[in-house]
Amino acid sequence: MNRRFVLPCLIALLSALVTGCWDQVQIEERGFVLGVAIDVPRTNEAEKRATKESPGKPKVKERFLVTHQLVIPGGLIAGSQAGDGQNTANEAFLNLTSEGDSLFEVSRELATRTSRAPFYQHLKIIVISEDVARSENGFANAMDFLLRDPDSRRGSKVLISKGPAKSIIEVTPKTEKLPALYINQIGEHIDRNARMLHQVRVGDVHEELLSPFGFVIPRVRAEKNEIKMAGSAVFSNNNQLVGFLGEEETEGLNFLTGNISGGLLKAKVKNDLVVMNIQGTKHTIKQDLRDKQRFVFTIHIECEGILAEAYSLMDFLSKEETKKLERAFAKEIERMCQDTLQKVHKEMKVDVIKLGSNIRQKNYPLWKKIQHDWEDGQRLYEKSEIRVKAKVYLRNIGSINRSELDEGR
Amino acid sequence: MMRKFFAHRNKKKTSPLMQRMQQSQIPDQELSSSVKENLELFRTLLGNPNDLLIRSFLIGNSNHLCAVIAIDGLVDSAMLHTQVLGRIQLMLSIAEKTVPVEPDEILSLLFDEVLSVVEIKKETSLAAAVDCILSGDTALIVDGTSQIILIDSKGWKSRAIEEPVSEGLVRGPRDGFTENLRDNTVLIRRRVKDPNLRFESMVVGKRSKTELLVAYIENIADPDLVKEVQRRIATIDVDEVEESGFIEQWIEDDFLSPFPQSNNTERPDKVSAALFQGRVAILLDGTPMVLILPVTLGLLMHSPEDYYERWIVGTLTRLLRYLAAFFAVFSPSLYIALVTFHPGLIPSDLAFSIAATRDGVPFPAFVESIMMITTMELLQEAGLRLPKPIGQTVGIVGGLVIGDAAVSAGLVSPVMVIVVALTAISSFAIPAYHLAIAFRMIRFFAMFAAAIFGVYGVVLSLIAILIHLSNLTSIGHPYLAPFAPHMSKDWKDLILRAPVTFLKDRPEMLHAEDEIRMRTGDSK
């Protein structure tokens with residue numbers, strides 16, 4: 001054949017074949033990691049063994065006990081013949097726990113234990129235990145690998161577990177085949193319940209780690225067959241866990257930060273309970289920065305919703321009655337917010353309401369001056385006063401006015 | 001470089017070819033004045049075939065010898081009896097015309113008065129006479145003169161006008177071209193009553209002498225375009241031309257391209273629409289396939305029905321078709337790329353179920369795809385060759401049995417079967433069959449690229465295809481015309497089909513002499 005013709009063809013073909021295919025892995029050969037749980041090892045046996053093996057290895061402050069949840073795709077298909085081997089229970093997941101100095105080390109160690117090498121692009125949840133988060137720099141260290149690895153996504157949800165993180169992803173839910181997807185799905189229910197914190201993703205965590213403020217991350221607790229995602233973990237501005245907020249306190253925090261997309265509000269009117277379904281909130285922060293030692297913030301919360309349940313017998317169609325009701329709900333919001341403020345402002349002294357960020361947005365020159373005296377130094381945050389004013393609009397009373405007559409009681 | 005290489009090879013081949021062609025030429029000699037010699041001349045030249053009709057007779061009182069020569073089957077024998085032989089014998093005897101003695105005068109009498117045929121001519125050249133006889137004329141020879149009369153008596157069996165098989169429509173005319181050139185011109189004439197409609201006659205094929213018509217509308221079509229088409233046809237230098245595909249391949253701009261550079265159709269409505277746009281059509285005797293030139297990718301994606309249905313329907317169907325084109329080319333390659341390189345791009349649940357169904361499949365996704373796509377191509381080819389009832393069976397056997405069996409045997413994954421089905425259906429949704437074939441070829445190229453580089457490769461292959469397409473021309477007109485070079489006016493009738501009242505101009509790319517179709521809007 002003509003050499004002028006063959007040579008370019010050969011060059012094109014070779015350059016394609018030699019440079020291509022390097023990251024080709026068939027989909028069934030990948031170990032999809034759905035969840036990662038990071039704990040502190042309970043014993044230091046493994047550590048001792050490792051030191052004996054190589055005494056000169058670099059020491060770390062804190063070792064990690066990492067549990068990966070891998071999918072067994074064959075187990076997802078009902079009655080399939082795939083995955084017959086050892087998998088008698090027909091489970092769709094596999095939890096692998098390893099200990100190591102770094103997360104990358106653990107990840108690579110897994111390759112020695114499973115036929116399917118870990119693949120992080122479908123990672124849904126990252127659970128970090130309270131102990132890791134409380135240790136110095138533990139949280140940031142645990143997140144570093146997952147932030148740095150180009151293979152992992154910034155959309156995975158981050159949760160802090162009360163108790164061991166491992167037990168969270170080891171629950172066996174009845175509704176889903178994969179625990180990680182079950183937990184992930186619960187995280188989407190933010191519009192159903194205000195006691196749940198808005199989801200914090202890996203990308204958000206990175207932003208918070210770099211920011212000078214404290215932050216919150218959803219708290220999760222495991223029971224035998226289920227988990228409960230309510231409450232929140234509070235981190236100080238040096239990225240260390242300082243404490244937890246309870247469920248109601250989290251709801252208050254959501255009102256304070258304006259992060260409510262749904263939920264309910266209970267109030268007592270005429271000695272009986274009335275429940276409102278929250279449809280939306282609006283929130284504005286008014287600053288009064290005249291006194292440089294004592295800033296005053298007023299948080300205005302406007303909330304609207306529809307009546308969901310009423311045990312109290314009253315005429316909801318009358319304007320005066322509704323006004324009363326709205327005031328009762330507003331009072332309830334203010335109460336919850338005050339409770340939350342008591343804890344985060346007075347006790348923990350962490351600016352999770354992001355008031356500092358609010359100053360930075362609205363009065364940057366001032367912020368430049370005080371930024372080192374906000375949560376630290378002169379502790380201006382602690383000294384400032386925070387007021388809450390709530391207003392509720394009841395838009396709809398539901399399909400009926402009364403469920404029984406007064407005489408019936 | 002490639003072009004030079006092939007051109008070199010072509011040059012070498014032409015010289016012996018030319019020699020053979022020259023041998024096939026009929027000796028350019030004058031006819032003899034003797035009937036007997038002339039008959040002998042024709043007999044030897046044609047090899048005395050058994051379908052050669054010769055009838056000798058005497059006319060007039062001077063008993064002049066005459067003869068009629070024709071090819072049996074090519075001529076309308078009823079017409080020959082009543083209008084030629086009958087009239088000559090009856091008229092001359094009953095009307096008691098005095099038959100002149102001079103042979104030339106007899107010939108003139110016959111030509112001017114006796115024969116009641118519209119198309120008739122005198123001829124002295126043997127070559128021309130033979131050509132005419134072979135194309136269905138009847139030759140009348142009179143003893144004593146070297147002039148002969150050629151009577152147009154064409155009348156052979158031809159197929160009736162039927163519905164076009166390859167281009168079915170729900171809404172639209174049902175007539176299609178036939179193998180008979182005259183029928184085809186009639187079908188066009190009936191739609192184009194413009195006096196400027198031109199059928200330029202040409203003859204192609206050194207031996208086959210096939211008649212070819214270049215059709216265009218005089219003051220719409222760009223004269224340069226018509227000239228260029230005629231110039232290219234004039235270069236055709238082959239023995240025989242069976243189908244318009246020969247013409248297409250002779251005159252196309254780039255013979256290495258997988259894309260068709262002319263449109264072929266058996267729908268007269270499509271041809272008339274193209275003529276009115278300022279395009280040129282090439283009709284060839286013996287085939288119902290008419291070529292339309294120049295063509296663009298956009299035009300090949302259009303179907304006449306886009307215009308017959310209301311504009312919303314037409315627009316949506318076109319969008320669907322462009323989507324189908326994308327699927328037809330890229331769905332297997334995207335499958336390969338996503339499954340082997342980027343499972344992170346697939347939604348989690350789908351990724352797991354693909355992984356589950358691929359559990360135990362022994363081949364990588366690329367081999368799996370090549371296997372299935374090749375099988376599909378085989379089925380398509382086999383279905384074409386077989387008679388209709390069996391062809392359908394092949395479709396069912398192939399689609400259901402092989403697909404299902406391959407999945408349960410663990411050779412391929414069910415998702416692959418879906419991908420193949422989607423690809424096949426999409427390629428059938430392309431209105432032009434020859435374009436669909438191009439897409440089928442490109443599909444393999446994209447699959448190779450995907451197997452080597454993943455989605456990056458798919459994008460590279462798309463870029464390569466676009467580079468090629470924007471480089472391609474059809475009779476010198478850019479193939480991607482309204483896209484690149486960008487002609488914003490023509491976009492009204494490209495991916496979208498604007499309401500008919502908006503389509504006021506002819507396509508800009510054709511440089512039509514009369515650019516305006518609709519003058520209603522301009523009058524104010």
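This is a short walk through chain A and its two domains, followed by one helix pair in chain B.

Okay, so keep in mind that what you're looking at is a predicted model. Let's start with chain A. It has 13 helices and 13 strands, and its C-alpha trace spans about 95 × 60 × 60 Å along the principal axes. Of the 409 residues in there, 39% come out as buried. If you take contacts between residues at least 6 apart in sequence, 72% of them join residues at least 24 apart.

Now, the domains. The assignment gives us domain 1, residues 26-245, and domain 2, residues 248-408, in chain A. Their C-alpha centres sit 33 Å apart. Where they meet, 22 residues of domain 1 are in contact with 24 of domain 2. On the domain 1 side, strand 7 (215-222), strand 8 (227-235) and strand 9 (241-245) each supply at least two residues. Strand 8 gives the most, with 4. By class, that side of domain 1 has 11 nonpolar, 8 polar and 3 charged residues.

Over to chain B, then. How do helix 12 (residues 311-340) and helix 14 (residues 365-385) of chain B pack? The angle is about 160°, and the axes are 9 Å apart. Anything over 145 degrees counts as roughly antiparallel, so that's what we call this pair. The crossing of these two helices is right-handed. From helix 12 you've got Pro332(B), Tyr335(B), Ile336(B), Val339(B) and Thr340(B) making the contact, and from helix 14 Ala365(B), Phe366(B), Ser369(B) and Ile373(B). That splits into 7 nonpolar, 2 polar and no charged residues.

Note on methods. Residues are numbered from 1 along each chain as its sequence is written. Chains are lettered from A and ligands numbered from 1 in the order in which they are written. This is a predicted model: local features need pLDDT of at least 70, side-chain atom pairs count only at pLDDT 80 or more; totals for chains, interfaces and linings use all residues. A residue is buried if 20 or more other C-beta atoms lie within 10 Å of its own, exposed if 12 or fewer, and partly exposed in between; C-beta atoms are placed from the backbone. Two residues are in contact if their C-beta atoms, placed from the backbone, lie within 7 Å. Axes are lines fitted to C-alpha atoms, for helices over the stretch in contact, and angles run from 0 to 180 degrees between N-to-C directions. Angles under 35 degrees count as roughly parallel, over 145 as roughly antiparallel, 65 to 115 as roughly perpendicular and the rest as oblique. A crossing is left-handed if the near helix is turned anticlockwise from the far one by less than a right angle, and right-handed if clockwise. Ala, Val, Leu, Ile, Met, Phe, Trp, Tyr, Cys and Pro count as nonpolar, Asp, Glu, Lys and Arg as charged, and the others, Gly among them, as polar. Domain bounds come from an automatic or database domain assignment.
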